[in-house]
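This report walks through one model, from its charged pairs to its chain interface and its cysteines. Keep the structure open alongside the text.

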Amino acid sequence: MKLTWWKWLTIALLLYTVVMGMLSEVPRLAILNETIRNLYFHVPMWFGMILILLVSVVYSIKYLRNPLTRNDIIAYESAKVGILFGVLGIITGMEWARFTWGEFWSNDPKQNASAIGLLIYFAYLILRGSFQDHQQRARISAVYNVFAFAALIPLLFILPRLTDSLHPGNGGNPGFNSYDLDSRLRAVFYPAVIGWTLLGVWVVHLRTRLEVLKQRFYENA
Amino acid sequence: MQKDFVLEWRQKYAFNGMLLYVGSTVFICYLSFSLRFGGLEVPVWNALYWIILLFTAVNAIAKGFAQESRGRLLYYYSVVSPQGVILAKMVYNAALMLVLSLLCFGFYAIVIGNPVQDVGMFLVTIVLGAIGFASSLTMISGIAAKAANTGTLMAVLSFPVMVPMLLMLMKMSKNAIDGLDPSVSLDEALVLLAINMIVVTVSYILFPYLWRS
């Protein structure tokens, strides 16, 4: 099995994340206790989602400037992987919220915002499904993708900051950049973010190759 | 661009239909709520008003592109630049939404009652809301009109995009209803303006690509 260096790096980082994430020492904080380990799994999902959706938007813009099928495929596949990360992020978040806030869904602004963000991208999938013509589908969904991303930014980064939230980092709750993210957490957290994001890139890479091969196959068949 | 606006204005037969739509929706809400409770709580009043407006907006603006015949689209295409088209449509839709939402407010206040204490602030909110709805829905109706099932797609695409705007608007109008000092709503107003700017800019840049197909 021949893998390029960054794939080995992904494997190494994720192994490190899982092992160290489960075994390493973590600060003892009230209420959070051991659930703080979710930092290594839940938070990187959102980082990964944003980065991979950013890739998707970049390729959508590229497609609009230069309509190659490959650009469209990358945009589509990375949007799908972004959605997957978002769903995983919501699930891990709900699981965590069950033990710290008491409910799976407690009508928190951040939970709502992320649910709406996912709805936007589900709408993207629906939109793609409703075209027959390939070129038109690619162009119009690229337009929507850029538009949706622009709408997502205020949703995820501005709105939650205006309202009180139970989420760490808001309304005086123990947060993300404050004192409690100490060096032990950072040592696992940053590799975790890079690892999960690279995993997403890997999936996109594979799916894109598969789709490009499929298209070539159908064209020749 | 002026010409485009006139062209838009000419197809205002849809307008009367929308007026009736607003009127009957408000009346249905009146019948279905007041009979049971005899009056509305303030948050319910507020939420109901914006939901009526949301549906009105989606219906009114969805017509914008879907109703155009192929020939007329081709005509626009040859006469004006795409930027002109999208701006004209946005301005027209904003004016349309403004009229509709003011009428809706008037009718709503007469039929269901008017708990608003700071009417000036509420009107500012309505203006911001009308512009915001119009700008984001114009682009989306352009996208949805290209696809097969326009009606469903319009709702599916627009609702999530509108939600941040809607939340801000509801908060602002709640402040106005309670008669709080305008400075309390300044944050929301600024965010709304910022969202509007983003949406208008993005539409302005993206619309030419949509137009070509």
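## Salt bridges

K174(B) and D178(B) form a salt bridge, with their closest N and O atoms 2.7 Å apart. The model is predicted. Both partners have some access to the surface. K174(B) is partly exposed, at 26% relative accessible area. D178(B) is partly exposed as well, at 33% relative accessibility.

Side chains of opposite charge can pair when their charged atoms come close. Over all chains, the count comes to six salt bridges. Three of the pairs are set out here.

| Pair | N to O distance | Accessibility of each partner |
|---|---|---|
| K174(B) and D178(B) | 2.7 Å | K174(B) 26%, D178(B) 33% |
| E77(A) and K80(A) | 3.7 Å | E77(A) 2%, K80(A) 28% |
| E211(A) and K214(A) | 3.5 Å | E211(A) 18%, K214(A) 38% |

## A charged network in chain A

Which residues are linked in a network of salt bridges? They are E77(A), K80(A), R207(A), E211(A) and K214(A).

Start with E77(A). This residue lies in helix α3 of chain A, which covers residues 69–100. E77(A) is buried, with a relative accessible area of 2%. Its side chain meets that of K80(A) in a salt bridge, at 3.7 Å from N to O. The two are separated by about one helical turn, because they sit three residues apart in helix α3 of chain A. K80(A) is partly exposed, at 28%. The pair therefore joins a buried glutamate, E77(A), to a partly exposed lysine, K80(A).

What does E77(A) touch beyond its neighbours within four places in sequence? The contacts are V204(A), R207(A), T208(A) and E211(A). Of these, R207(A) and E211(A) also belong to the salt-bridge network.

E211(A) has a lysine partner of its own. The side chains of E211(A) and K214(A) meet in a salt bridge, at 3.5 Å from N to O. Both residues lie in helix α6 of chain A, residues 183–220. They are three residues apart there, about one turn of the helix. E211(A) counts as buried at 18% relative accessibility, so it falls under the 20% cut-off. K214(A) is partly exposed, with a relative accessible area of 38%.

## Where the chains meet

Now the interface. Contacts involve 24 residues of chain A and 30 residues of chain B. Together the two chains bury about 2,400 Å². Carbon and sulfur atoms account for 84% of that area.

How many salt bridges are there between chain A and chain B? The count is zero. Polar contacts between the chains come to one residue pair, with both residues at pLDDT 80 or more.

On the chain A side, helices α4 (109–129) and α5 (134–162) each supply at least two residues that touch chain B. α5(A) gives the most, with 14 residues. By type, the residues on this side of chain A divide into 20 nonpolar, three polar and one charged.

## Chain B

Chain B has eight helices and zero strands. Its elements run α-α-α-α-α-α-α-α from the N terminus on. Of its 213 residues, 49% count as buried.

Contacts in chain B often span long stretches of sequence. Among those with a separation of 6 or more, 85% link residues 24 or more positions apart. V85(B) and Y204(B) are 119 residues apart along the chain, and their C-alpha atoms are separated by 9.7 Å. V85(B) lies in helix α5 of chain B, residues 82–112. V85(B) counts as buried, at 1% relative accessibility.

## Cysteines

A search of the whole structure finds zero disulfides over all chains. C29(B) is in no disulfide, and its nearest cysteine sulfur, that of C104(B), is 8.8 Å away. A disulfide needs two cysteine sulfur atoms within 2.5 Å, so a sulfur 8.8 Å from that of C29(B) does not qualify. C104(B) is likewise in no disulfide, with the sulfur of C29(B) as its nearest.

Are these cysteines buried or exposed? C29(B) counts as buried, at 10% relative accessibility. C104(B) counts as buried too, at 0%.

Definitions and conventions
Residues are numbered from 1 along each chain as its sequence is written. Chains are lettered from A and ligands numbered from 1 in the order in which they are written. This is a predicted model: local features need pLDDT of at least 70, side-chain atom pairs count only at pLDDT 80 or more; totals for chains, interfaces and linings use all residues. Side-chain values use heavy atoms; hydrogens and water are left out. Buried means under 20% relative accessible area, exposed over 50%, partly exposed in between (1.4 Å probe, protein chains only). Contact means heavy atoms within 4.5 Å. Buried area is the accessible area (1.4 Å probe) that two parts lose on being put together, summed over both. A salt bridge is a side-chain nitrogen of Lys or Arg within 4 Å of a carboxyl oxygen of Asp or Glu. A polar contact is a pair of N or O atoms within 3.5 Å; within protein, one must be able to donate a hydrogen and the other to accept it, and residues adjacent in sequence count only if both atoms are side-chain atoms. Helices (H or I, at least four residues) and strands (E, at least two) are DSSP runs, numbered from the N terminus. Ala, Val, Leu, Ile, Met, Phe, Trp, Tyr, Cys and Pro count as nonpolar, Asp, Glu, Lys and Arg as charged, and the others, Gly among them, as polar.
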